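Here's a quick briefing on the pockets in this one. Have a look at the structure first, then we'll go through them.

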Amino acid sequence: PVRPDRDEQRAALRAALTSPVFWALALAFSMIALNHGVLITQLLPLLDARGVAAPLAVLAASLVGPMQVVGRLMMLSVERRVGVEAVCLTLFGCLLAASSLLLVAGDTPWLVLGFVVLQGAGYGVNSITRPVVTAGYLGLRHFGGISGLQATVVMTANALAATVAALLWRWGGYDGMLLGCLGFALLGLGAFLLAGRRRSRTPGTGFHG
């Protein structure tokens, strides 16, 4: 097979790096990673500080992963009817609701488990929506390189999650950390909406800044 022209690839990557849509999407998905990473790294000590019994805390932590699978299955069942953008908006809604629930849950079991369902299912669909939305907004041409650039930003946010969690805890305890997670989800939602507004092309026709 013929390899794509490297100059063309570089031009596409430069165009991505100067595109508001690219950076809005990168910010949106980075905030998802930061929200989830902060919560997961601190979930057990947070629940312990809230007085949640150890068996329930362990159960809650262990269910986050399975709920991600449930979220993906639910997305696959409805995405064709509602569209991937609606699914992505629901994702942000789930993250906002999850952090809000945990903020007021105390040691109430059904609220803690409600957080697990919303956080796990919401974050679970992210692995599907991110490449689909990126391709839809930025085009399929040189998608691998553009997606890789975006993933670098997202992975950086994920790597910083534990440090950010510690800083938020020092600033305002676990309530402050949860408020920070709410802020991350809100910022991500705003960035996603901005990406939609700044999009200036028909999906699938190639990249345009």
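How do the residues of the lining of the largest pocket divide into nonpolar, polar and charged? Keep in mind that this is a predicted model. There are 12 nonpolar residues and four polar ones in that lining, and no charged ones.

**Largest pocket**
- You get about 250 Å³ of space in the largest pocket.
- Its lining is made up of 16 residues, and the closest to the pocket's centre are Gly71, Met74, Thr90, Cys94 and Val125.
- Three elements each give two or more residues to this lining: α3 (54-82), α4 (84-105) and α5 (109-124).
- Helix α3 supplies the largest share, with six residues.

**Second largest pocket**
- The volume here comes to about 150 Å³.
- Its walls are formed by Ala33, Gln68, Arg72, Tyr123, Gly124, Asn126, Ser127, Arg130, Pro131, Val154, Met155 and Asn158.
- Two or more residues of that lining come from each of α3, α5, α6 (126-138) and α7 (143-198).
- The largest share here is four residues, and α6 provides it.
- Sorted by class, the second lining has five nonpolar, five polar and two charged residues.

**Side by side**
- Both α3 and α5 give two or more residues to the lining of the largest pocket, and they do so for the second largest pocket too.
- On charge, the lining of the largest pocket has no charged residues, whereas the second largest pocket has two in its lining.

How values were computed. Residues are numbered from 1 along each chain as its sequence is written. This is a predicted model: local features need pLDDT of at least 70, side-chain atom pairs count only at pLDDT 80 or more; totals for chains, interfaces and linings use all residues. Side-chain values use heavy atoms; hydrogens and water are left out. On a 1 Å grid over the protein atoms alone, a cavity is a set of points where a 1.4 Å probe fits but cannot get out, and a pocket is an open set with protein on both sides within 12 Å along at least five of seven lines; lining residues have an atom within 4 Å of a point. Grid points are joined across faces, edges and corners, and a volume is the space filled by probe spheres set on the points. Ala, Val, Leu, Ile, Met, Phe, Trp, Tyr, Cys and Pro count as nonpolar, Asp, Glu, Lys and Arg as charged, and the others, Gly among them, as polar.
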